[in-house]
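Morning, everyone. I have one structure to walk through today. Please have a look at it first.

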Amino acid sequence: MAKEDHEATYKEFKEVVNMTASALEKHLKGDDSQSVGQKKDGGEATGHQEGRRIVEMLNGKKADLSDDDYDHMRKVVGYVHRHLKQGGPKDEDEVKDSPWRLSLMNWGHDPLK
């Protein structure tokens with residue numbers, strides 16, 4: 001993959017992932033984080049698993065990112081954009097604890113930021 005594509009992907013990833021690694025890690029440890037998302041065979045939700053990978057990438061060095069990491073970044077960007085377009089609760093007071101927000105936060109994006 002071209003270096004320019006990596007740069008564009010990295011920039012877009014950093015724009016949609018608006019949580020720090022430590023904030024995301026703290027969120028993922030909470031019960032609310034694990035209460036949302038699609039679960040295969042009753043196990044860990046997809047978004048929760050994705051969040052752990054996002055924390056690893058945020059904690060790592062940009063120079064160490066692989067093509068697979070950049071593919072994952074594109075997946076994260078796509079998910080966040082799709083989920084935001086779906087929209088959450090209309091009442092701002094309901095957004096804070098909504099499954100919509102909690103799911104986005106599993107992917108590193110807090111819509112209230």
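A word on contact before we start: here it means heavy atoms within 4.5 Å. And keep in mind that this is a predicted model.

Now the overview. The protein has seven helices and zero strands. Read from the N terminus, the elements go α-α-α-α-α-α-α. There are 113 residues, and 38% of them are buried. The accessible surface is about 7100 Å². Carbon and sulfur atoms account for 46% of that surface.

How about contacts along the chain? Take those between residues at least 6 apart in sequence. Of these, 66% join residues at least 24 apart.

Let's pick one residue, H27. It sits in helix α2, which covers residues 21-29. Is H27 buried or exposed? The cut-off for buried is under 20% relative accessible area. H27 has 11%, so H27 is buried.

Which residues does H27 touch, once neighbours within four places in sequence are set aside? They are M19, S33, L102, M105 and N106.

Let's follow one of those, M19. You'll find M19 in the loop between α1, residues 3-16, and α2. Its relative accessibility is 7%, so M19 counts as buried too. Leave out residues up to four places away in sequence, and M19 touches L24, H27, L58, M105, G108, H109, D110 and K113. So M105 turns up in the contacts of H27 and in those of M19. M19 and M105 are 86 residues apart in sequence. In space, their C-alpha atoms are 7.9 Å apart.

Next, a helix pair. In general, two packed helices are described by the angle between their axes and the distance between the axes. Our pair is helix α5, residues 67-86, and helix α7, residues 99-106. Their axes come within 10 Å. They cross at roughly 170°. Angles over 145 degrees count as roughly antiparallel. Therefore α5 and α7 are roughly antiparallel to each other.

Who makes that contact? From α5, it's Y79, V80, H83 and L84. From α7, it's W100, S103 and L104. What classes are they? The contact of α5 with α7 has five nonpolar residues and two polar ones. It has no charged residues.

To recap: H27 in α2 is a buried residue. M19, in the loop before α2, is buried as well. And α5 and α7 run roughly antiparallel. That's it from me.

Terms used: Residues are numbered from 1 along each chain as its sequence is written. This is a predicted model: local features need pLDDT of at least 70, side-chain atom pairs count only at pLDDT 80 or more; totals for chains, interfaces and linings use all residues. Side-chain values use heavy atoms; hydrogens and water are left out. Helices (H or I, at least four residues) and strands (E, at least two) are DSSP runs, numbered from the N terminus. Buried means under 20% relative accessible area, exposed over 50%, partly exposed in between (1.4 Å probe, protein chains only). Axes are lines fitted to C-alpha atoms, for helices over the stretch in contact, and angles run from 0 to 180 degrees between N-to-C directions. Angles under 35 degrees count as roughly parallel, over 145 as roughly antiparallel, 65 to 115 as roughly perpendicular and the rest as oblique. Ala, Val, Leu, Ile, Met, Phe, Trp, Tyr, Cys and Pro count as nonpolar, Asp, Glu, Lys and Arg as charged, and the others, Gly among them, as polar. Accessible areas come from the Shrake-Rupley method with a 1.4 Å probe; for residues, only the protein chains shown count as cover.
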